Amino acid sequence: MITFDFKKYQYKKLEDYDLSEIKERFLKDKHMSGWYDLDKSCVDSIESTASYIRNNCDVFLVIGIGGSYMGAKAVIDALSPYYGTKKPEVLFAGYQLSSDYMADLIDYLQDKEVMVNVISKSGTTLEPAIAFDMILDFMENKYGEEECAKRVFVTTDANSGELLPLANQKGFQRFVVPDNIGGRFSVLTPVGLLPIAVAGFSIEELFKGATEAKENLEDCYYYTKLRHELYNMNKTIESFDIYEPKLASFSEWLKQLFGESQGKDGKGIFPVSTINTRDLHSLGQYYQDGIDMLFSTTLFVHSDEEVYLEKYKKTLDTVNKIAMESVAQAHFEGHVPTSIITLDTISEENLGYLIFFFEMSAMLGSYLLKINYYDQPGVNGYKNILHKRIKEDG
């Protein structure tokens, strides 16, 4: 269960926040909105493949950048224990250009049974392209081409892109990146679902939570309108504050979702994140007394662990909740309004709910800003210069 408190620590109490008109406009313009349909047609194929992968490798390596890996990592990290790893271990590559990372990764994989999932719609994005070239060489040297063909899975465009002919030539099993879904909205497609299923988590429960969110949009409407009203009050930075570090990767996905969807045409709220209470001892001073431009969206999770503190006559979970509420009160007094989203536990169902909730808000908020939520022209700025420099610089 998830509860929402968008009023206690807010200056703005909204009375008219119905965004159904904007939603109807969105539904008429279905371009790049396939995520809204929650298509489950791929589930059986993914679960079958995931079972095969789990039974035949020690490490499942996911190669991708941005939406090609962040959603899957967000869910897997949230549901996994802090210490120890289940078989197979799910690792990620292709999201940076670190020589040390790739060298250490290949060294780590030498004595492991490995399977690989490369995810890219175009196949031309530099970071995953370089990583996949290196890993494919490693895999073919380790296993030979025939065995390698059973160990590499390609998630790419159905009809185009550089990975498609390679997959056909090598005989790699393919999954499709839907045409009408952008990367940051692709968690509940083969892009995110295959790694999540391989990690042993229920994609059916993810869909269950997302469906529930789709059927109960009032809180989403309120949150979206509240963000927009705060933006109009010159609150231009939203801090996603978490009190359960397992949600750190989820907050990274949130930054991409809102940053790429709404940061354009000289508009948009800048998304940041903190892991509390750790970051209260580094950024807390600025939040409390810095420039008045911040508001907070807090994600709090009740713990299933009964850790009792005899000295305080309370559980550690209770102390964590008191800390969260104390911060919200202090920030409210310091002109940082706070919304609180509380999960009774971290589960696939709750994560599925939040995924759809925030995707819907990112879309609706973009409509309020009168911008295109599904493109990201600014991302190409560095890409164009980078590719030119690589060709020109000796």
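In this predicted model, the protein chain folds into 15 helices and twelve strands. Its C-alpha trace extends over about 65 × 55 × 45 Å along the principal axes. A useful first check is the radius of gyration: for 394 residues, a compact globule would be expected to have a value near 21 Å, and the 22 Å of the protein chain agrees with this. Of the 394 residues, 53% are buried. The contacts tell a story about the path of the chain as well. Among contacts with a separation of 6 or more, 81% are made by residues that stand 24 or more positions apart.

Two helices serve well for a closer look, beginning with α14, which covers residues 348-369. This helix has 22 residues, and the distance from its first C-alpha to its last is 31 Å, close to the 32 Å expected at 1.5 Å a residue. How many of the residues of α14 are buried? The count is 21 of the 22, so the helix is largely enclosed by the rest of the structure. Just after α14 comes K370, a residue with a positive phi.

The second helix, α11, spans residues 248-262. It is made of 15 residues and reaches 21 Å between its first and last C-alpha, close to the expected 21 Å at 1.5 Å a residue. The buried residues in α11 are S249, F250, S251, W253, L254, Q256, L257, F258, S261 and Q262. Which elements do these buried residues pack against? The partners include three helices named α3 (70-79), α10 (218-232) and α14, together with the strands β7 (237-242), β8 (270-275) and β9 (294-301). The two helices chosen here are thus linked, with buried residues of α11 packing against α14.

The helix α11 also has a part in the largest pocket, as one of the elements that give two or more residues to its lining. This pocket holds about 760 Å³ of space. Its lining is formed by 31 residues, and those closest to the centre are I65, G67, T125, Q376 and K383. Besides α11, the elements that give two or more residues to the lining are α5 (126-143) and α15 (379-392). The largest share, four residues, comes from α15. What is the make-up of the lining by class? There are 13 nonpolar, twelve polar and six charged residues.

A few details of the backbone deserve a friendly second glance. Most residues other than glycine have a negative phi, and most peptide bonds are trans. Against that background, two peptide bonds in the model can be pointed out. A cis bond joins K87 and P88, with omega about -5 degrees, and P88 sits in the loop between α3 and β3 (89-93). The bond from N276 to T277 is also cis, with omega near 15 degrees. T277 belongs to the loop between β8 and α12 (284-289).

Positive phi values are found in two lysines. For K313, phi is near 55 degrees, and the residue lies in the loop between β10 (308-309) and β11 (314-315). Is K313 buried or exposed? Its relative accessible area is 53%, and residues over 50% count as exposed, so K313 is exposed. K370, already met at the end of α14, has a phi near 60 degrees and is placed in the loop between α14 and α15. With 70% relative accessibility, K370 is likewise exposed.

Key
Residues are numbered from 1 along each chain as its sequence is written. This is a predicted model: local features need pLDDT of at least 70, side-chain atom pairs count only at pLDDT 80 or more; totals for chains, interfaces and linings use all residues. Side-chain values use heavy atoms; hydrogens and water are left out. On a 1 Å grid over the protein atoms alone, a cavity is a set of points where a 1.4 Å probe fits but cannot get out, and a pocket is an open set with protein on both sides within 12 Å along at least five of seven lines; lining residues have an atom within 4 Å of a point. Grid points are joined across faces, edges and corners, and a volume is the space filled by probe spheres set on the points. Ala, Val, Leu, Ile, Met, Phe, Trp, Tyr, Cys and Pro count as nonpolar, Asp, Glu, Lys and Arg as charged, and the others, Gly among them, as polar. The expected span of a helix is 1.5 Å times one less than its number of residues. Buried means under 20% relative accessible area, exposed over 50%, partly exposed in between (1.4 Å probe, protein chains only). Contact means heavy atoms within 4.5 Å. The radius of gyration is taken over C-alpha atoms; the globule rule is 2.2 Å times the number of residues to the power 0.38.
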